[in-house]
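User: Please take a close look at one part of this protein for me, namely any enclosed spaces inside it. I would like to know what surrounds them and how far the model can be trusted.

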Amino acid sequence: MKIGIIGFGAIGFDVAKKLDQEKDQFNVIGVHSRTKNKIIDKTTSFNSPLRYFSLDEICKKCDVVIDCAPKEAFKEIIQKCLDYKTKLITVSGAGILENLEIINTAREHSTQIFLASGAIIGLDGLSAVSEGKVDYVKMITRKPPNALIKAKFVLENKIKLENLNEPKLIFSDNAFEGAKAFPANVNVAAAVGLAGVGAKKTQLEIWADPTLTKNTHTILVKSDSSNFKIEIENIQSVENPGTGKITALSVVATLRGMISSLKVGT
């Protein structure tokens, strides 16, 4: 498969670097990014430095496009993929929630959208229990203040996170509203909502916690087939503290599942 990457920040670069280390498995032909001039500089250590393509070119030339761009770019990216019948892997659960009417036309365009699990685990179990009756899904996200201090919701509401000496609850609502308020920080909440009972029925709390050094998530599920609790501690990306290192790896795992003869889990 010919693979293209859109967005070359913390996630996009890590995905590209990992795929470059497995050139015999993956054929990455290029990148589309707003930071065009930095692509060559950032990939000088790669086995194969990556070419720059326009959004049209990369969606037209590739079999699969990996979206690592900000949520604001998602609508244009998905529309181009549908136009060219290109499969899309994305980490933008928030982008999907805002564009479900476009997503629902993917079958008509003979293509597919894959939402990588990102910073969350256990989505296969949540999808499974959602085939039955689910009574309750709640997600509690706790992050160090440095991961939330630049978040849209925090800035717009002038929430002070500097010099915190105890955990502070900064958001309590459903995952749909959370994904809108924190599009770059809690894509995981959108993913939990999409995998389970729906984002509007998924409860969400977000805490700024100065006692933590990792981004943490707790998911509580009660259903007629299984009750479970998932606890996650993700190591922060060096380039972007709001993103966990596991996010880029989940994209690679999704891509590997598309080409492997054996796929384990949903």
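Analyst: What follows begins with the model itself and then turns to the cavities and their surroundings.

This is a predicted model, in which local features need pLDDT of at least 70 and side-chain atom pairs count only at pLDDT 80 or more, while totals for chains, interfaces and linings use all residues. Residues are numbered from 1 along each chain as its sequence is written, and side-chain values use heavy atoms, without hydrogens and water.

The protein averages a pLDDT (the predictor's confidence in each residue, from 0 to 100) of 89, and 98% of its residues score at least 70. Confidence is lowest in helix 2 (residues 36-42), with a mean of 74, and highest in strand 4, at 97; helices (H or I, at least four residues) and strands (E, at least two) are DSSP runs numbered from the N terminus.

The count comes to two cavities of 30 Å³ or more, a cavity being a set of points on a 1 Å grid over the protein atoms alone where a 1.4 Å probe fits but cannot get out. The largest cavity has a volume (the space filled by probe spheres set on the points) of about 50 Å³. Its lining residues, those with an atom within 4 Å of a point, are Ala 16, Leu 19, Asp 20, Lys 23, Phe 26, Val 28, Phe 46 and Leu 50. By class, six of these residues are nonpolar, none is polar and two are charged, where Asp, Glu, Lys and Arg count as charged, Ala, Val, Leu, Ile, Met, Phe, Trp, Tyr, Cys and Pro as nonpolar, and the others, Gly among them, as polar. Helix 1 (residues 10-20) gives the most to this lining, with three residues.

Val 28, one of the residues lining the largest cavity, also connects this space to the sheet, since in strand 2 Val 28 stands opposite Ile 3. Strand 1 (residues 2-6) and strand 2 (residues 27-32) run parallel and are joined by five bridges.

The second largest cavity has a volume of about 30 Å³, and the residues lining it are Ala 10, Ile 11, Asp 14, Ser 237, Thr 243, Gly 244, Lys 245 and Ala 248. Here, too, the largest share of the lining, three residues, comes from helix 1, but the residues divide into three nonpolar, three polar and two charged. Helix 1 is thus the element that gives the most to the lining of the largest cavity and to that of the second largest.

Methods:
On a 1 Å grid over the protein atoms alone, a cavity is a set of points where a 1.4 Å probe fits but cannot get out, and a pocket is an open set with protein on both sides within 12 Å along at least five of seven lines; lining residues have an atom within 4 Å of a point. Two strands pair if DSSP finds at least two bridges between them.
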